[in-house]
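Student: I am new to this structure and would like to know how its labels are earned. Could we go through it together?
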2 protein chains.
Amino acid sequence: MHCLPENLRVVLVEPLGPINVGSVARLCENFGVQEICLVTPRCDVLSFEARQMALRGQVLLEKAQQFGSLLEAVADCSRVVATCGRIDHGSAIPLKSSEQSLQWLLNGIDTGPTALVFGREDRGLTNEELLIANQVLTLDISSDYCSLNLSHAVAIVLYELQRLSSPRQKVDSESLPSALANPLQLEAFLSDARDLLLDVGFLLEHTANARMVKIKSLIHRSAARPEEVALLRGVIRQIRWAINSPRS
Amino acid sequence: MHCLPENLRVVLVEPLGPINVGSVARLCENFGVQEICLVTPRCDVLSFEARQMALRGQVLLEKAQQFGSLLEAVADCSRVVATCGRIDHGSAIPLKSSEQSLQWLLNGIDTGPTALVFGREDRGLTNEELLIANQVLTLDISSDYCSLNLSHAVAIVLYELQRLSSPRQKVDSESLPSALANPLQLEAFLSDARDLLLDVGFLLEHTANARMVKIKSLIHRSAARPEEVALLRGVIRQIRWAINSPRS
């Protein structure tokens, strides 16, 4: 037996069903997850139904923090893995197997808080939310009907994470950077980039989002470090200065 | 993706909760299990609650056969694996890991019907029932509170079974570029970028190489596609145009 890392956070975005929320709390208690974060829940997460399902996970539920957006809930995280059903992902966003992305999460577990993000029962996560994550995991479900109930997806992901985190399995295949740029740093860079690209006329307001998705996707895939994001922001500042300075 | 074997049966012994029964039916539909057997259920398995949880698994639920005892439900099976929480098993009964017992089940899948047996929510399976099975599986749960909800145990076992039944080398689900930008395209982009960054004063001739190495490293790690490199070159062209155009 091997406990899951202490700095792992389970994030539920806009959960709709109290039974699901309660079930997830019980699962977190089962697997030793110590923190649940809720982004704008659409149900009473402390209702009778939720508590009834949570059983010994009630304490986790009571101390669960609530946030207004996913970005706020994962702002301090060094690695974020979001989950996604096969059907509704944007083609610009690469999907990883549970083994790939969970192993990657574990490889960085000592670099800071990490988050596993689960979407709405009815609509999953938006593409914008998926792009806040460093990696997007999809569970390999064999049938035509691959829509898992939220809490069952959580059960499978936590079990898989525990399986991979047991010493026998741990293989560090990737010599990845020790610390990735966190979601806030990336957002700040992307916001600067967007402003510049609008100013120089590369982006137009009505098509900006689609093109920025492509740039976000690139920067996520590159697994940029804080100092690299700082370098890119430096480029933007300097270009801005060049545009505004008088012609020689 | 790989479907579970056709002759696999999920058996629930005296299930108490209609939500659990419905959830298990949905899971069976998710994983392509084609038969559910119920041993003396203690709830209305076709109630509104059960159907609501089953969703597309309702058909499986409607055609589920009911039996008076576990022995009858698995009488024709060539291999039977029962599940058991850590706490309540008799010491005379050896426990196997999920990997051991599920692999054993799969090895015999061509020899006849096989069954996965799950016990009561409150008391699991009796020792007598455990002894009907060829093997007894226990899920390795890390915390002090290892009592899983019934349907979550089913979710984990079916996912694990599917994982083990897939061909060893899992298909990479990553929708990564079929074609990466080739070295010539990358060089052309990097050369453009270097010229621009020299012009705007971000690079100085004598330090340019060191900084460009960092940018090269980022772009290589992102595994950029040809159209993405084209997009970035478009950005550079547009910035150049903005720098050279007269102030408004």
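**Labels and the values behind them**

Tutor: Let us start where the chains meet: chain A and chain B bury about 6100 Å² between them, and carbon and sulfur atoms give 59% of that area. The model is predicted, so to read it fairly, note that local features need pLDDT of at least 70, side-chain atom pairs count only at pLDDT 80 or more, and totals for chains, interfaces and linings use all residues. Residues are numbered from 1 along each chain as its sequence is written, chains are lettered from A and ligands numbered from 1 in the order in which they are written, and side-chain values use heavy atoms, with hydrogens and water left out.

Student: What makes an area count as buried?

Tutor: Buried area is the accessible area (1.4 Å probe) that two parts lose on being put together, summed over both. The contact (heavy atoms within 4.5 Å) takes 73 residues from chain A and 71 residues from chain B.

Student: Which residues form a salt bridge across the interface, and why is the pair called that?

Tutor: The rule finds one salt bridge across the interface of chain A and chain B. A salt bridge is a side-chain nitrogen of Lys or Arg within 4 Å of a carboxyl oxygen of Asp or Glu. Arg221(A) and Glu228(B) have their closest N and O atoms 2.8 Å apart, so the pair meets the rule. Over all chains, the count comes to 30 salt bridges.

Student: How do you know that Arg123(A) forms a salt bridge with Glu14(A)?

Tutor: Their closest N and O atoms are 4.0 Å apart, and the pair is listed as a salt bridge. Arg123(A) is in the loop between β6 (114–118) and α6 (127–130) of chain A, while Glu14(A) is in the loop between β1 and α1 of chain A; the pair links distant parts of the chain, 109 residues apart. Helices (H or I, at least four residues) and strands (E, at least two) are DSSP runs, numbered from the N terminus.

Student: What is notable about phi of Glu14(A)?

Tutor: Phi of Glu14(A) is near 45 degrees, a positive value in a residue other than glycine. Ala223(A) also has a positive phi, near 50 degrees, and is not glycine either. Ala223(A) sits in the loop between α9 (208–221) and α10 (226–244) of chain A.

Student: Why are α5(A) and α7(A) called oblique to each other?

Tutor: Helix α5 (residues 98–107) and helix α7 (residues 150–165) of chain A pack at an angle of about 60 degrees, with their axes 10 Å apart. Axes are lines fitted to C-alpha atoms, for helices over the stretch in contact, and angles run from 0 to 180 degrees between N-to-C directions. Angles under 35 degrees count as roughly parallel, over 145 as roughly antiparallel, 65 to 115 as roughly perpendicular and the rest as oblique. The two helices are therefore oblique. Their contact has six nonpolar, three polar and three charged residues (Ala, Val, Leu, Ile, Met, Phe, Trp, Tyr, Cys and Pro count as nonpolar, Asp, Glu, Lys and Arg as charged, and the others, Gly among them, as polar).

Student: Which residues of α7(A) meet in a salt bridge?

Tutor: Glu160(A) and Arg163(A) do, at 3.3 Å from N to O. Both lie in helix α7 of chain A, three residues apart, about one turn of the helix.

Student: What makes α1(A) roughly parallel to α7(A)?

Tutor: Their axes come within 9 Å and cross at roughly 15 degrees. That angle makes α1(A) roughly parallel to α7(A). The residues of this contact divide into nine nonpolar, four polar and no charged.

Student: And why are α8(B) and α10(B) called roughly parallel?

Tutor: The axes of helix α8 (residues 183–199) and helix α10 (residues 226–244) of chain B come within 10 Å and cross at roughly 25 degrees. These helices are therefore roughly parallel to each other. By class, their contact has eleven nonpolar, one polar and five charged residues.
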